[in-house]
Amino acid sequence: MKYTINRGKELGTDSFFHKRRKMDISAKTAFISGGASGLGEATARMIHQGGGNVMLFDLNAERGAALAGELGERADFAQGDVQDSGQLADAVAKGMERFGALHFCICCAGIGPPARVLGREGPASMDWFKGTVGINLIGSFDTVRLTAEQIAKNDPDQEGERGVVVMTASVAAFEGQIGQAAYAASKGGIVGMTLPIAREFAKLGIRVMTIAPGLFDTPLLASLPDEAKASLGAQVPFPSRLGKPSEFADTVRNIINSPMLNGSVIRLDGAIRMAPR
Ligand SMILES: NC(=O)c1ccc[n+]([C@@H]2O[C@H](COP(=O)([O-])OP(=O)(O)OC[C@H]3O[C@@H](n4cnc5c(N)ncnc54)[C@H](O)[C@@H]3O)[C@@H](O)[C@H]2O)c1
């Protein structure tokens, strides 16, 4: 079969093949929670490589300071816990002072400790449930709330855009496995708040998107032996492997570049659908 490509003229519009916008991220600043490791670290490297500034926020002082030190100019780090509004506010203020503005909020801080609702020791601890939701969901909300206040102060670009928020959910938001009640609840909450925040921020010119990764090769999976990682990777239909953190960062870049991406969730999972256990 012969395929032909419709040209703009045939479609009756010369502007059909308009020049794709590619947002210049140089001299723009990203606030990245969980920026010291894994998906957040890869995103920080991508933004920095593109000439942007990165304000890293993470619980892990050693890794955060080391990464900021390695990146050097245009990178800074604030140690803190996303459960602590005061620490988040201080970090946002530090980013504003150092770089003058914030344009992107990337929420990557997260944990996923498994537990059964009814385990051998009895009912699951409420600290486990509240802690997971507190970091993953409430921590993401607080990060968005405090960074958006600053992003809203930017001058709009030619399309009226002031910045972009990207949150990180998980495929567990849709197919949580046994043991993932807390994690799935926290990630489902992120999915749920994506559209209402995008709708609210529309008038500010701030887009809001969520990425729901499948299985990515980050320190989160580091405790697993190579064999277990390979077996997890083999469950991914195509490509049959774990995702690379740089591929998550590429998706963040694509979101930043694509003005029509707003208010939705992108599954980044090689078509995996998690089994019950
Ligand atoms: N790796 C995967 O396969 C995968 C899949 C789906 C979703 N995710 C999500 O992606 C995000 C990033 O995960 P990752 O794989 O890069 O893990 P990671 O462990 O490499 O990175 C997470 C970072 O978050 C930080 N962090 C944890 N709790 C924090 C807190 N209370 N305050 C501030 N920082 C905190 C950690 O110190 C760490 O640097 C998480 O939200 C995770 O749930 C990961």
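Colleague: Leaving aside neighbours within four places in sequence, which residues is Val-144 in contact with?

Modeller: This is a predicted model, so local features need pLDDT of at least 70 and side-chain atom pairs count only at pLDDT 80 or more, while totals for chains, interfaces and linings use all residues. Residues are numbered from 1 along each chain as its sequence is written, and side-chain values use heavy atoms, with hydrogens and water left out. Contact means heavy atoms within 4.5 Å. With those sequence neighbours set aside, the contacts of Val-144 are Cys-105, Cys-107, Val-165, Met-167, Ile-197 and Phe-201.

Colleague: Which element gives the largest share of the largest nonpolar core?

Modeller: A nonpolar core is a set of buried Ala, Val, Leu, Ile, Met, Phe, Trp, Tyr and Cys residues joined through side-chain atoms within 4.5 Å; buried means under 20% relative accessible area, exposed over 50%, and partly exposed in between (1.4 Å probe, protein chains only). The largest core has 32 residues, and Val-144 is among those with the most contacts inside it. Elements giving two or more residues to this core include S2, H3, H4 and H5 (helices, H or I of at least four residues, and strands, E of at least two, are DSSP runs numbered from the N terminus). The largest share is 7 residues, and the element that gives it is H4.

Colleague: How many of the residues of S2 are buried?

Modeller: Look at both faces of the strand. Asn-53, Met-55 and Phe-57 point one way, Val-54, Leu-56 and Asp-58 point the other way, and all are buried. S2 is thus mostly covered, and the count is 6 of 6.

Colleague: In S3, which residue is the bridge partner of Leu-56?

Modeller: Two strands pair if DSSP finds at least two bridges between them. S1 and S2 run parallel, joined by 5 bridges, and Ile-32 stands opposite Leu-56. S2 and S3 also pair in the parallel sense, over 5 bridges. In S3, the bridge partner of Leu-56 is Phe-77.

Colleague: Which helix joins S2 and S3 in a right-handed β-α-β unit?

Modeller: A crossover is right-handed if, with the strands pointing away from the viewer, the path from the first strand over the helix to the second runs clockwise. S1, H1 and S2 make one such unit. S2 and S3 make a right-handed β-α-β unit with H2.

Colleague: Why is one side of S3 and of S9 left without a neighbour in the sheet, and which places do these strands take?

Modeller: Strands of a sheet pair through backbone hydrogen bonds, either parallel or antiparallel. Here an open sheet of 7 strands has the order S3-S2-S1-S4-S7-S8-S9, with parallel pairing. S3 and S9 each have a single partner strand, so one side of each has no neighbour, and their places are the edges.

Colleague: What angle does the direction of H2 make with that of S3?

Modeller: Axes are lines fitted to C-alpha atoms, for helices over the stretch in contact, and angles run from 0 to 180 degrees between N-to-C directions. In the sheet, 4 bridges join S4 to S7, which run parallel. H2 packs on the sheet and touches S2 and S3; its direction makes an angle with that of S3 of about 170°.

Colleague: What is the relative accessible area of Ala-109?

Modeller: Ala-109 lies in the loop between S4 and S5. Leaving aside neighbours within four places in sequence, Ala-109 is in contact with Ser-33, Gly-34, Val-82 and Asn-136. Ala-109 is buried, with a relative accessible area of 18%.
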